[in-house]
Amino acid sequence: MTLAMKTHVVSAKEWEAARQQLLVKEKAHTRARDALAAERRRMPWMAVEKSYAFEGPRGKVSLVDLFEGRRQLIVYRAFYEPGVFGWPEHACRGCSMVADQVAHVAHLNARDTTLVFVSRAPQADIARLKKRMEWTIPWCTITDSFDKDFGVDEWHGTNVFIRDGNKVFRTYFINNRGDEQMGGTWNYLDITALGRQEVWEDSPEGTPQTPTYKWWNWHDSYAPDAAPDKKWVEVSDAGEAAMRKQSG
């Protein structure tokens, strides 16, 4: 098949020169994105005064319960309920694409963060949908005004919360085009108040931080309060050194 698009074919040397020219802008974009995330971590918090109830696989749960004992909570409002295109066999096509892109939640959990999807569909329908689509994301049923109160009653959106004991605070909200980038571990952590919790980040004083890369693990090997694997520390240290040498 012949491509109809306009192309510009060059030599390897010219191609590398073009790549290096673009790389300058890409690095500037990365630094700007990091600076924006740092500003996001300094957003004021809004106290959640109302009590909210959801239905989970094992019955009624509160907003605090959704944290599953962790410090942070990310809640994506997915449209799966009567009246939504695809019901009851499928959820909204856009929300389903978001669900398809979600990385293994064990990595978020290791950063003291829980991800939950919420919809108005009954739990029996949610369980059937998750099985059909092979999704393992925690998914609860909205039973009150949570969606309206947090700006997701008519359109999708992602709300971020943090808790201090049983006190819950809203720290961030993203929707529209912002939601399309979600799914990866880093993008989720970058919208939280605590961020990636690595020492290179510009974060408010008192934010928990650990050495970069060292906390990473296979998703089936995380253990509470486990020290970084010594071999992985050696491997990641060598990788960092090589990267600095290359960029320097």
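In the predicted model, Lys214 and Glu240 are both buried. Their side chains meet in a salt bridge, with a distance of 3.0 Å from N to O. Because Lys214 belongs to the loop between H7 and H8 while Glu240 belongs to helix H8, the pair ties together parts that are 26 residues apart in sequence. Side chains of opposite charge can pair when their charged atoms come close. A search of the whole structure finds 14 salt bridges, a total to which the pairs described here belong.

A second pair is formed by Asp147 and Arg120, whose side chains meet in a salt bridge of 2.9 Å, N to O. Asp147 is located in helix H6 (residues 146–149) and Arg120 in the loop between E5 and helix H5 (123–133), so this salt bridge ties together parts that are 27 residues apart in sequence. The two partners can also be described by their accessibility: Asp147 is buried, with a relative accessible area of 4%, whereas Arg120 is partly exposed, with a value of 32%. A further salt bridge links Arg196 to Asp190, with 2.8 Å between the closest N and O atoms. Arg196 counts as buried at 13% relative accessibility, because buried is defined as under 20%. Asp190 likewise counts as buried, at 8% relative accessibility. Returning to Lys214 and Glu240, the side chains of this pair are joined by a salt bridge of 3.0 Å, N to O. Elsewhere, Arg77, Glu81, Arg120 and Asp147 are joined into one network by salt bridges that share partners.

The strands are considered next. Eight strands make up an open sheet with mixed pairing, and their order is E1-E8-E7-E4-E5-E6-E2-E3. The edges are occupied by strand E1 (46–47) and strand E3 (59–62); each has a single partner strand, so one side of each is left without a neighbour in the sheet. Within the sheet, strand E5 (residues 113–119) and strand E6 (residues 139–142) pair in the parallel sense over three bridges. Ser119 stands opposite Thr141, a residue of E6.

Strand E7 (residues 157–164) contains Thr158. This threonine is buried, with a relative accessible area of 1%. A polar contact of 2.8 Å joins the side chain of Thr158 to that of Asp179. When residues up to four places away in sequence are not counted, Thr158 touches Ile74, Val75, Tyr76, Tyr172, Phe173, Ile174, Asp179 and Ile191.

Helix H3 (93–101) follows a loop that begins after strand E4 (72–77). The buried residues of H3 are Cys95, Ser96, Val98 and Ala99. They cover an arc of only 155 degrees around the axis, and are therefore on the same side of H3. An α-helix has 3.6 residues a turn, so residues three or four places apart point the same way. The exposed residues Arg93 and Met97 are carried on the face of H3 turned away from its buried side. Among the elements that cover the buried residues of H3 are E4 and E5.

Three places in the backbone were also examined. Most residues other than glycine have a negative phi, and most peptide bonds are trans. A cis peptide bond joins Trp87 and Pro88, with omega at about 0 degrees. Pro88 is found in the loop between strand E4 and helix H3. Asn176, which is not a glycine, has a positive phi near 50 degrees. The loop that holds Asn176 runs between strand E8 (167–175) and helix H7 (185–190). Asn176 is partly exposed, its relative accessible area being 46%. Tyr213, also a residue other than glycine, has a positive phi of about 75 degrees. Tyr213 is placed in the loop between H7 and helix H8 (230–247). At 21% relative accessibility, Tyr213 counts as partly exposed, because the buried class is limited to values under 20%.

Methods: Residues are numbered from 1 along each chain as its sequence is written. This is a predicted model: local features need pLDDT of at least 70, side-chain atom pairs count only at pLDDT 80 or more; totals for chains, interfaces and linings use all residues. Side-chain values use heavy atoms; hydrogens and water are left out. Helices (H or I, at least four residues) and strands (E, at least two) are DSSP runs, numbered from the N terminus. Buried means under 20% relative accessible area, exposed over 50%, partly exposed in between (1.4 Å probe, protein chains only). Two strands pair if DSSP finds at least two bridges between them. A polar contact is a pair of N or O atoms within 3.5 Å; within protein, one must be able to donate a hydrogen and the other to accept it, and residues adjacent in sequence count only if both atoms are side-chain atoms. Contact means heavy atoms within 4.5 Å. A salt bridge is a side-chain nitrogen of Lys or Arg within 4 Å of a carboxyl oxygen of Asp or Glu. The arc is that of the directions from the helix axis to the C-beta atoms.
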